[in-house]
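Thanks for coming, everyone. I will walk you through one structure today. Please have it open in front of you.

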Amino acid sequence: MSSNVIIKIENVKKTYTKSQALRGVSFVMNEGEEYLIRGASGSGKSTLLYLLGGLDRPTEGRVIVNQNNLVDLSDEDLALYRNRYVGFVFQFHFLLSSMNCMDNILLPARLGGVESDEVVVRAKNLAKLLNVEHCLEKYPYELSGGEQQRINIIRALSLKPKLLLCDEPTGNLDSENSHKVIQLLRTLAKEFGATLVVVTHDPQIAQSFSNQLVMKDGLLITQ
Ligand SMILES: Nc1ncnc2c1ncn2[C@@H]1O[C@H](COP(=O)(O)OP(=O)(O)OP(=O)(O)O)[C@@H](O)[C@H]1O
């Protein structure tokens with residue numbers, strides 16, 4: 001396994017009008033490894049994922065990914081970073097209700113101008129693996145929460161991201177599908193050489209990660 005540092009978070013703070021979500025967080029992550037972030041509700045886990053994914057900017061500090069400080073990127077370059085580099089599997093899976101699931105999955109490739117047969121074939125193969133092949137032509141509102149979650153995962157993986165950020169990725173799934181989804185995320189992260197970062201409250205999933213970041217009140221208490 002590679003031990004190249006790919007992510008460096010340096011004294012990151014994030015302040016909202018009424019709360020300080022992150023109060024000076026620093027850590028490094030190695031390329032291709034798996035990390036679990038845990039901690040009580042409100043401790044800052046999702047805020048940290050948002051900053052890693054370039055969905056928001058810190059109030060202070062540096063978020064360095066692949067030697068680029070995301071804080072210095074223009075909005076346009078940050079959007080490109082999100083599209084090409086990051087896969088998001090979030091608790092609330094923003095599938096667009098106006099298009100069917102296959103079109104939802106292909107959306108990042110279309111927006112990035114990189115749609116190809118390879119992306120379509122990967123989507124179909126992943127749908128088979130996750131038992132949602134029958135959902136591809138359907139609209140999101142015709143699917144159960146768990147099926148929508150799996151479509152969301154396929155979309156996140158569609159462009160072989162180098163950084164895979166997952167916030168409660170198994171939130172809507174039964175234990176059999178939860179196990180399957182985590183194994184799949186791990187297998188594909190390895191295949192793509194991606195760094196995998198998972199936030200979860202599920203103790204069974206949490207204990208299977210050797211790299212654990214524990215958050216408390218906006219601070220990292222262990223790495
Ligand atoms: N957009 C926002 N505006 C204002 N406050 C926010 C915003 N997002 C998060 N917060 C606050 O920042 C703190 C950290 O929130 P965050 O969502 O990062 O916690 P979390 O550890 O992911 O919690 P949970 O496990 O419940 O999802 C909380 O006090 C929350 O209320």
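We will look at the sheets, then the core, then the ligand, and last two backbone details.

One caution before we start. This is a predicted model.

Start with the smaller topic, the antiparallel sheet. It is an open sheet of 4 strands, in the order β2-β1-β4-β5, and its pairing is antiparallel. Which strands stand at its edges? They are β2 and β5. Each has a single partner strand, so one side of each is left without a neighbour in the sheet.

Now take β1, which covers residues 5-15. On one side, 8 bridges join β1 to β2, residues 20-30, and the two run antiparallel. A hairpin makes the connection, through 4 residues. Look at Thr15 for a concrete pair. Its bridge partner in β2 is Gln20.

On to β4. β1 and β4 are also antiparallel, with 5 bridges between them. Here are two pairs to find on your screen. Lys13 stands opposite Glu60 in β4. Glu10 has Arg62 of β4 as its bridge partner.

A general reminder on sheets. Strands pair through backbone hydrogen bonds, and they do so either parallel or antiparallel.

Now the other sheet. How many strands form it, and in what order? There are 6, they form an open sheet, and the order is β6-β7-β8-β3-β9-β10. The pairing here is mixed. Its edge strands are β6, at 86-89, and β10, at 219-222, and each pairs on one side only. From one strand to the next, the twist averages 25 degrees.

Let us go through some of the pairings. Strand β7, residues 163-167, runs parallel to β8, with 5 bridges joining them. In that pairing, Cys166 has Val198 of β8 as its bridge partner. Next, β3 and β8 are parallel too, over 4 bridges. There, Tyr35 is partnered by Val197 in β8. Then come β3, residues 34-39, and β9, residues 212-216. They pair in the parallel sense over 4 bridges. Gly39 has Met215 of β9 as its bridge partner.

Stay with β8 for a moment, residues 195-199. Is this strand enclosed or open to the outside? Of its 5 residues, 5 are buried, so β8 is largely enclosed by the rest of the structure. Thr195, Val197 and Val199 point one way, while Leu196 and Val198 point the other way. Both groups are buried.

That leads to the core. The largest nonpolar core has 54 residues. Which residues have the most contacts inside it? They are Ile154, Leu164, Leu165, Cys166, Leu185 and Val197. Pick out Leu165. Setting aside residues up to four places away in sequence, Leu165 touches Leu49, Leu52, Gly53, Val86, Phe88 and Val197.

Two of those contacts, Leu49 and Leu52, are buried residues of helix α1. So here is the helix. α1 spans residues 45-52. It is mostly covered, with 6 of its 8 residues buried. Besides the two leucines just named, the buried set includes Lys45, Thr47, Leu48 and Leu51. After α1 comes Gly54, with a positive phi near 70 degrees.

Now the ligand. Which residues surround it? The list is Tyr16, Ser19, Ala21, Gly39, Ser41, Gly42, Ser43, Gly44, Lys45, Ser46 and Thr47. Helix α1 gives the most to this shell, with 3 residues. By class, the shell has 2 nonpolar, 8 polar and 1 charged residues. Gly39 is worth a second look. It is one of the residues around the ligand, and it is also the one that pairs with Met215 in β9.

Last, the backbone details. Most residues other than glycine have a negative phi. Two residues here go the other way.

The first stop is Asn11. Its phi is positive, near 45 degrees. Asn11 lies in strand β1. Why does it count as partly exposed? Because it has 13 C-beta neighbours inside 10 Å.

The second stop is Gln67. Its phi is positive as well, near 70 degrees. You will find Gln67 in the loop between β4, at 60-65, and β5, at 68-69. Gln67 has 8 C-beta neighbours inside 10 Å, so it counts as exposed.

That is the tour. Over to you for questions.

Conventions. Residues numbered from 1 in each chain as written. Predicted model: local features only at pLDDT ≥ 70, side-chain atom pairs only at ≥ 80, totals over all residues. Near = placed C-beta within 6 Å. Nonpolar A, V, L, I, M, F, W, Y, C, P; charged D, E, K, R; others polar. Buried ≥ 20, exposed ≤ 12 C-beta atoms within 10 Å, placed from the backbone. Core = buried A, V, L, I, M, F, W, Y, C linked by C-beta atoms within 7 Å. Contact = placed C-beta atoms within 7 Å. Pairing = 2+ DSSP bridges. Axes fitted to C-alpha atoms, helices over the stretch in contact; angles between N-to-C directions.
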